[in-house]
Amino acid sequence: MESRIERLPISGSWKVSPSAFTDERGSVHEYFHSGQFAAAASVSLAVRQATCSVSHRSVLRGIRVTAAGGPAKYVTCLRGAVLDVIVDLRVGSPTFGRSHAERLDEGNRNAVYLAPGLGHAFLALSDDATLLYLLSQPHSDAHERAVNPLDPDLAIAWPSDITPRLAAKDANAPGMSEARQAGILPSYLSCLPLHGATAPQAS
């Protein structure tokens, strides 16, 4: 079964739309195929950790970003639905400060890939929204930074009919400009070698 793999507007991020085989018994689809993904994205994702999170409706997690040494992430929604957001927080990137949102749900079965250095957040659109992450390295708190997902400078278009619920770490996190001034954001150039052959050069 071939998946449709497409580059997203922020370099180092990809969307994977798997094909499913369905009959009277149910369905089967390939959540991740290393060969197909490597051929499309020029990135070899060696999975070192798998993590599952379950969130109630209106829970907003993130924005979390890893330093250049942190893991790449491959994320899908196994149950329910989320608005998944990729944020470019790589200082020096041509798209620094931009975000891109994808709805991930149990019906479309889509997944997103984020290279190290990209910020990640999601808003649960349903109860028991269940996300599965494949990580290229084990998670490390030492590599993780938090940026406020409600920062007006980022202007992320969260759904207007949901009041987000944030953990204290995310609610109290600095905005993008403050995080940049504090030197806690990754460098675009240091991240480039981890993005695969398709990453554009900095302008």
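This is a quick talk on the cysteines and the cavities in this structure.

Okay, first the housekeeping. What we have is a predicted model, where local features need pLDDT of at least 70, side-chain atom pairs count only at pLDDT 80 or more, and totals for chains, interfaces and linings use all residues. Residues are numbered from 1 along each chain as its sequence is written, and side-chain values use heavy atoms, with hydrogens and water left out.

So, cysteines. How many disulfides does a search of the whole structure find? Zero, taking a disulfide as a pair of cysteine sulfur atoms within 2.5 Å. Take Cys77: the closest cysteine sulfur sits in Cys52, 9.6 Å away, and that's too far for a bond. Cys77 is also buried, at 3% relative accessibility, and Cys191 is buried too, at 0%. Buried here means under 20% relative accessible area, with a 1.4 Å probe and protein chains only.

Now for the empty space. Searching the whole structure turns up two cavities of 30 Å³ or more. A cavity is a set of points, on a 1 Å grid over the protein atoms alone, where a 1.4 Å probe fits but cannot get out; lining residues have an atom within 4 Å of a point.

The largest cavity holds about 50 Å³. Its lining includes Ser3, Glu30, Phe32 and Tyr74, and splits into six nonpolar, three polar and one charged.

The second largest cavity has about 30 Å³ of space. Among its lining residues are Thr66, Lys73 and Pro116, and by class that lining has five nonpolar, one polar and one charged. For those classes, Tyr, Phe and Pro are among the nonpolar ones, while Glu and Lys count as charged.

Key. Buried < 20%, exposed > 50% of the residue type's maximum accessible area, 1.4 Å probe, protein only. 1 Å grid on protein atoms, 1.4 Å probe; cavity = no way out; pocket = protein on both sides within 12 Å on 5 of 7 lines; lining within 4 Å. Points joined across faces, edges and corners; volume = space filled by probe spheres on them.
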